[in-house]
Amino acid sequence: TALLTLQTSSSPSLPSDPLERAKALMEIHPLVDGHNDFPYQCRGQWKNRLARFNFSKPINTTQTDLPRLRKGKLAAQFWVSYSDCESQYKDATRVFIDQIDVIRRLVDLYPDDLEFVTTSLGIEDAFRAGRIASLIG
């Protein structure tokens, strides 16, 4: 809280309404989500076939799609490359690489909205460009 107060004390005329203040702050300071299992959902629901859904429209079977990411003013997303315990000693490496591939393809498929980055500077650049910085976690 002290850090937020310090950062916003010089911010010009923030609204007094808490929700509007939060929205205004997210226009200035990037909001980063450190964990999103959407690639795992792609594997389970659509066998990693990105053509089976439209990420730019609401997706009722997941909690993630571009309209919700935009509405929440998300600036950066760590997409999780995950393989469950059942793949241990079987195909965990392939599953892990497939998950990275899904993340890269998703970002490539929506270049106006998503940008693959690997650094904090990349997050800032994507934020200024109006795209959601996409990292692999």
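**Close-up views of the sheet and the cores**

**View 1. Glutamate 115 and its partner across the strands.** Glutamate 115 sits opposite alanine 133, a residue of β4. Strand β3 and strand β4 (residues 132–136) run parallel and are joined by three bridges. Strands here are DSSP runs of E with at least two residues, helices are runs of H or I with at least four, and both are numbered from the N terminus; two strands pair if DSSP finds at least two bridges between them. This is a predicted model, with local features needing pLDDT of at least 70 and side-chain atom pairs counting only at pLDDT 80 or more, while totals for chains, interfaces and linings use all residues. Residues are numbered from 1 along each chain as its sequence is written, and side-chain values use heavy atoms, leaving out hydrogens and water.

**View 2. The open sheet.** Follow the four strands in the order β1-β2-β4-β3, with parallel pairing. At the edges lie β1 (31–36) and β3 (114–116), each pairing on one side only.

**View 3. The largest nonpolar core.** A nonpolar core is a set of buried (under 20% relative accessible area, 1.4 Å probe, protein chains only) Ala, Val, Leu, Ile, Met, Phe, Trp, Tyr and Cys residues joined through side-chain atoms within 4.5 Å. This one has 18 residues, of which Phe38, Phe53, Phe55, Trp79, Leu106 and Leu114 touch the most other members. Helix α5 (92–109) is one of the elements giving two or more residues, and its four residues are the largest share.

**View 4. Around phenylalanine 38.** Leaving aside residues up to four places away in sequence, phenylalanine 38 touches Trp46, Phe53, Phe55, Ile59, Thr62, Thr64, Trp79 and Leu106, where contact means heavy atoms within 4.5 Å.

Terms used: Buried means under 20% relative accessible area, exposed over 50%, partly exposed in between (1.4 Å probe, protein chains only).
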